[in-house]
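Visitor: I would like a close look at the disulfides in this model. Please walk me through them, then through the parts around them.

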Amino acid sequence: MEIIRSRRGLIIACCIFLLALIAGGENLPQNIKRNCSYTVTIQTTCTKGADTSDHVSLRFGDKKSNDMIVHHLNSKHVRQVDPLQPLVLDDIPRKPFQACLVDEFQVTGQCMESPICYLYLKLSGSDNWRPGFAQVDALEESGLSSKSFYFRRYLPRNVWHGSDLCSKEITPFGIRHKRKVFKKTPAAAETLMP
């Protein structure tokens with residue numbers, strides 16, 4: 001009889017403890033980061049020698065320090081589209097970054113909390129490449145998509161090159177942009193050159 005009473009007390013204590021854990025767990029912050037999908041559109045200009053077969057990396061983010069890096073963007077290539085109309089030329093895999101063509105890439109990563117306001121490209125290799133524009137469309141929420149970032153010049157090699165429209169201040173002397181400095185990542189130390 002005493003064994004049954006002690007087991008009942010133990011069972012009741014365990015139930016109370018479990019209820020306390022469940023109730024306390026509801027107040028814990030949810031640090032689970034969800035992933036979002038993005039379509040990256042990049043145009044290569046029609047200048048002679050504007051195309052490249054080298055590796056291109058992409059970096060973009062928002063005002064709230066959400067930063068996404070896509071190494072070897074070439075491997076994320078989805079299709080080429082007609083630069084004059086939003087029609088798909090083909091769904092056959094082709095080499096990206098050819099002169100006079102617009103390429104689309106699908107990437108997945110950290111979700112942005114505010115509109116994408118900076119974008120940098122990095123060319124690794126020996127080719128010259130002259131992108132015309134780049135744009136990132138957030139598929140889950142169109143309000144977070146970027147405007148077009150224009151390049152229209154040959155990219156320097158092995159440095160991040162692009163635009164930051166996040167932090168700008170209007171002064172009597174014109175628009176002043178704050179310089180963005182990225183933290184070094186443990187995987188690879190990366191430098192930024194505006």
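Guide: What follows takes the disulfides one by one, then a buried serine and the aromatic rings. Keep in mind that this is a predicted model.

Start with the count. There are 3 disulfides. Counting bonded cysteines along the chain, their pattern is 1-4, 2-3, 5-6.

Take Cys 36 and Cys 111 to begin with. Their sulfur atoms sit 1.8 Å apart, and the two residues form a disulfide. The angle about the S-S bond is 95°, and the link of Cys 36 and Cys 111 is right-handed. This pair links distant parts of the chain, 75 residues apart. Cys 36 belongs to strand β1, residues 35-44. Cys 111 is in the loop between β6 (102-110) and β7 (116-124). How accessible are the two ends? Cys 36 has 7% relative accessibility, so Cys 36 counts as buried. Cys 111 has a relative accessible area of 13%, so Cys 111 is buried as well. The cut-off used here is under 20%.

Next comes the pair of Cys 46 and Cys 100. A disulfide joins them, with an S to S distance of 2.1 Å. Cys 46 is in the loop between β1 and β2, while Cys 100 is in the loop between β5 (88-90) and β6, so the disulfide ties together parts 54 residues apart in sequence. Accessibility reads as follows for this pair. Cys 46 has a relative accessible area of 55%, so Cys 46 is exposed. Cys 100 is partly exposed because its relative accessible area is 32%.

Now for Cys 117 and Cys 166. They form a disulfide with sulfur atoms 1.8 Å apart. The link of Cys 117 and Cys 166 is right-handed, with 90° about the S-S bond. Cys 117 is in strand β7 and Cys 166 is in the loop between β10 (161-164) and β11 (168-171), so this disulfide ties together parts 49 residues apart in sequence. Cys 117 and Cys 166 are both buried.

Turn to the serine. Ser 57 is part of strand β2, which covers residues 55-62. Its relative accessibility is 6%, so Ser 57 counts as buried. What touches Ser 57, leaving aside neighbours within four places in sequence? The contacts are Val 70, His 71, His 72, Tyr 120, Leu 121, Lys 122 and Trp 160.

Finish with the rings. The structure holds 5 aromatic pairs. One of them is Phe 133 with Tyr 150: the ring centres are 6.4 Å apart and the planes are at 55°, so the pair is tilted. Phe 133 is in strand β8 (residues 131-138) and Tyr 150 is in strand β9 (residues 149-150), so the ring pair ties together parts 17 residues apart in sequence. Tyr 150 has a relative accessible area of 48%, so Tyr 150 is partly exposed. Ring pairs also join Phe 97, Phe 105 and Trp 129 into a cluster. One charge over a ring deserves a mention too. Arg 130 lies over the face of Tyr 154, at 5.8 Å from the ring centre.

To recap the cysteines: Cys 36 counts as buried, Cys 111 is buried, and so are Cys 117 and Cys 166. Cys 46 is exposed, and Cys 100 is partly exposed.

Conventions: Residues numbered from 1 in each chain as written. Predicted model: local features only at pLDDT ≥ 70, side-chain atom pairs only at ≥ 80, totals over all residues. Heavy atoms only, no water. Helix = DSSP H or I, 4+ residues; strand = E, 2+ residues; numbered from the N terminus. Buried < 20%, exposed > 50% of the residue type's maximum accessible area, 1.4 Å probe, protein only. Contact = heavy atoms within 4.5 Å. Disulfide = S-S within 2.5 Å. Phe/Tyr/Trp six-rings, centres within 6.5 Å; stacked < 30°, edge-to-face > 60°. Lys NZ or Arg CZ within 6 Å of the ring centre and 35° of its normal.
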